[in-house]
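Reader: Hello! I am new to this structure and would love a close look at one part of it. Could you pick out a single strand and walk me through its surroundings?

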Amino acid sequence: MNKIEHLGIAVDDLDKSSKIFELLLGKPVYKEEVVDSEHVTTLFFRLGESKIELLQSSSEQSAISKFIAKRGEGIHHVAIGVDDIAFEMNRLREAGFSLLNDEPQKGADNKLICFLHPKSTGGVLIELCQDDI
Ligand code: CMX
């Protein structure tokens, strides 16, 4: 595990929230991506070695839609960069964490990803991310 790769923030309205974060961070969005498999549209800001990802739901089935209905807008997940996602998934599974995927999945921003259930991590949704190159 090598860094906080990004913080994911669930928002109702990407246009409105991207203006707030552009003003806050003093820089523009560098990437917008629709992730059909997750039913979300995402925007990314660079922040040193890390990023901030804004996530807006594109369907009522999405995890973001459910999260906002229950908890409102705000920090949704912490993504940790890893060198070897298969190794970390095995290590965490053996340590008793609850992984939401058996195999790494393709995620936004050219990453291989795996989520850990927040019930096994003290209430924080954790995403593992490895560069998919
Ligand atoms: N952070 C912390 N807790 C969370 C959470 C989150 N992001 N999302 C849900 N929870 C909590 C809920 O509050 C609830 O707790 P209580 O039982 O105490 O009320 C519990 O987890 C179960 O929540 P739920 O609303 O019933 O939701 P589900 O169990 O259906 O799903 C989860 C929860 C984490 C399994 C699901 O959101 C998931 O699969 N997430 C991974 C995928 C994802 O988040 N995709 C969007 C981002 C994609 C991207 O980054 O590109």
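Author: Happy to! A little background helps before we zoom in: in this predicted model, 42% of the 133 residues of the protein chain count as buried. The part I would like to show you is strand 8, which covers residues 126-131. Five of its six residues are buried, so strand 8 is largely enclosed by the rest of the structure. The cut-off behind that word is a relative accessible area under 20%.

Where does strand 8 sit in the overall plan? The protein chain has three helices and eight strands, and along the sequence they follow the pattern β-α-β-β-β-α-β-α-β-β-β. Strand 8 is thus the final β of that pattern, because strands are numbered from the N terminus.

Now for the neighbors. Strand 7 (111-116) pairs with strand 8 in the antiparallel sense, over six bridges. For a spot to look for on screen, try L116, whose bridge partner in strand 8 is I126. Strand 5 (residues 74-81) also pairs with strand 8, here in the parallel sense and over four bridges. On that side, I80 has L128 as its bridge partner in strand 8.

From strand 5 you can keep going. Strand 1 (residues 3-11) runs antiparallel to strand 5, and seven bridges join the two. One place to see this is L7, which stands opposite V78 in strand 5. Strand 1 is also joined to strand 4 (residues 50-57), with six bridges between strands that run parallel. There, V11 has Q56 as its bridge partner in strand 4. As a general point, side chains in a regular strand alternate between the two faces of the sheet.

Let us come back to strand 7 and meet F115, which lies in that strand. F115 counts as buried, because its relative accessibility is 13%, and the cut-off is under 20%. What does F115 touch, leaving aside residues up to four places away in sequence? Its contacts are E38, H77, S98, L99, L100, N101, L125, I126 and E127. The C-alpha atoms of F115 and L128 are separated by 6.3 Å, although the two residues are 13 apart along the chain.

Just before strand 7 there is a loop that deserves a glance. N110 lies in this loop, between strand 6 (105-107) and strand 7. Its phi is near 55°, a positive value in a residue other than glycine. N110 is exposed, with a relative accessible area of 52%. H39 also has a phi near 55°, again positive in a residue other than glycine. H39 belongs to the loop between strand 2 (31-35) and strand 3 (40-47), and with a relative accessible area of 25% it is partly exposed.

Finally, step back to the whole chain. Residues 24 or more positions apart account for 52% of the contacts with a separation of 6 or more. The radius of gyration is 14 Å, which agrees with the value near 14 Å for a compact globule of 133 residues. Along its principal axes, the C-alpha trace spans about 40 × 30 × 25 Å. On the outside, the chain exposes about 7,700 Å², with carbon and sulfur atoms supplying 51% of that area.

Methods:
Residues are numbered from 1 along each chain as its sequence is written. This is a predicted model: local features need pLDDT of at least 70, side-chain atom pairs count only at pLDDT 80 or more; totals for chains, interfaces and linings use all residues. Side-chain values use heavy atoms; hydrogens and water are left out. Two strands pair if DSSP finds at least two bridges between them. The radius of gyration is taken over C-alpha atoms; the globule rule is 2.2 Å times the number of residues to the power 0.38. Buried means under 20% relative accessible area, exposed over 50%, partly exposed in between (1.4 Å probe, protein chains only). Contact means heavy atoms within 4.5 Å. Accessible areas come from the Shrake-Rupley method with a 1.4 Å probe; for residues, only the protein chains shown count as cover.
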